[in-house]
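Reader: I would like a close look at one part of this protein, the strands in its sheet and the residues packed around them, and I would also like to know how the cysteines stand with respect to each other. Please take it step by step.

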Amino acid sequence: AAGGYPQAGAPGAGPQALGAAPTTQQGGSSIGMNGLSAGVPPSSIYPPTHQMRGMHIGGGGGSKGGSVTKPLLSTTNIYVSGLPKDVTESTLENMFGRYGKIVSTKVIMNRHTQMPLGTALVRMDTNQQAEDCISHLNGQYLEGGFQIVCRFANEKKRLQ
């Protein structure tokens, strides 16, 4: 046979047209055009759905074992939400300054409108000062009926 293929009509020759029905080999198993069992995908390519839960598809390394890691919480940085839209860093300094030394404040702004979102970050000098702020200010009402929420902020890994 030319090119290593059986000739049409020869014993063991498969269908010659694309899309033709699969051939039957000895033993009765049906073989498709791609050489795989017709209608049955190989299990090595398609694992059962229950084995795919928690799998991360698409590179990037990551942690092993499929467990989700919780973000690290800061020990001095406080995330504050529920603030009025006109909040200023000066307002934050007045609120949090009575509980210790403030290292920095940042009012979070909408990147498109440059208006405050009603959230902020306040970094205190020590963990104890941050805990004091959270215990005294979390759930408090500000002028205008705004109830603020204070908690330790999530730490982001920064690329060096």
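Author: What follows starts from the whole chain and then moves to the strands and the cysteines.

The model is predicted, and its 160 residues, of which 20% are buried, form three helices and six strands. Read from the N terminus, these elements follow the order β-β-α-β-α-β-β-α-β. Among contacts with a separation of 6 or more, 54% link residues that stand 24 or more positions apart. The surface that the protein exposes amounts to about 12,100 Å², with carbon and sulfur atoms supplying 54% of that area.

The part you ask about can be entered through strands β4 and β5. Strand β4, residues 102-109, pairs with strand β5, residues 116-124, in the antiparallel sense, and six bridges are found between them. One of the bridge pairings is that of V107 with A120 in β5. The hairpin that β4 and β5 form has six residues between the strands, and in this hairpin Q114 takes a positive phi near 60°.

Within β5 lies T119, which has a relative accessible area of 12% and therefore counts as buried, since the limit for that class is under 20%. Setting aside neighbours within four places in sequence, T119 is in contact with V107 and I108, and also with Y79, V80, S81 and L83.

Strand β3, residues 73-81, holds N77, whose relative accessibility of 10% is the reason why N77 counts as buried. Beyond the residues up to four places away in sequence, N77 touches L121, V122 and R123, and its other contacts are R151, F152, A153 and E155.

As for the cysteines, the count of disulfides comes to zero. A disulfide is a covalent bond between the sulfur atoms of two cysteines. The cysteine sulfur closest to that of C133 belongs to C150 and lies 7.7 Å away, which is too far for a bond, because a pair counts as a disulfide within 2.5 Å. Seen from the other side, the closest cysteine sulfur to that of C150 is the one in C133, again 7.7 Å away and too far for a bond. Both side chains belong to buried residues, C133 with a relative accessible area of 0% and C150 with a relative accessible area of 4%.

Conventions. Residues are numbered from 1 along each chain as its sequence is written. This is a predicted model: local features need pLDDT of at least 70, side-chain atom pairs count only at pLDDT 80 or more; totals for chains, interfaces and linings use all residues. Side-chain values use heavy atoms; hydrogens and water are left out. Helices (H or I, at least four residues) and strands (E, at least two) are DSSP runs, numbered from the N terminus. Buried means under 20% relative accessible area, exposed over 50%, partly exposed in between (1.4 Å probe, protein chains only). Contact means heavy atoms within 4.5 Å. Two strands pair if DSSP finds at least two bridges between them. Accessible areas come from the Shrake-Rupley method with a 1.4 Å probe; for residues, only the protein chains shown count as cover.
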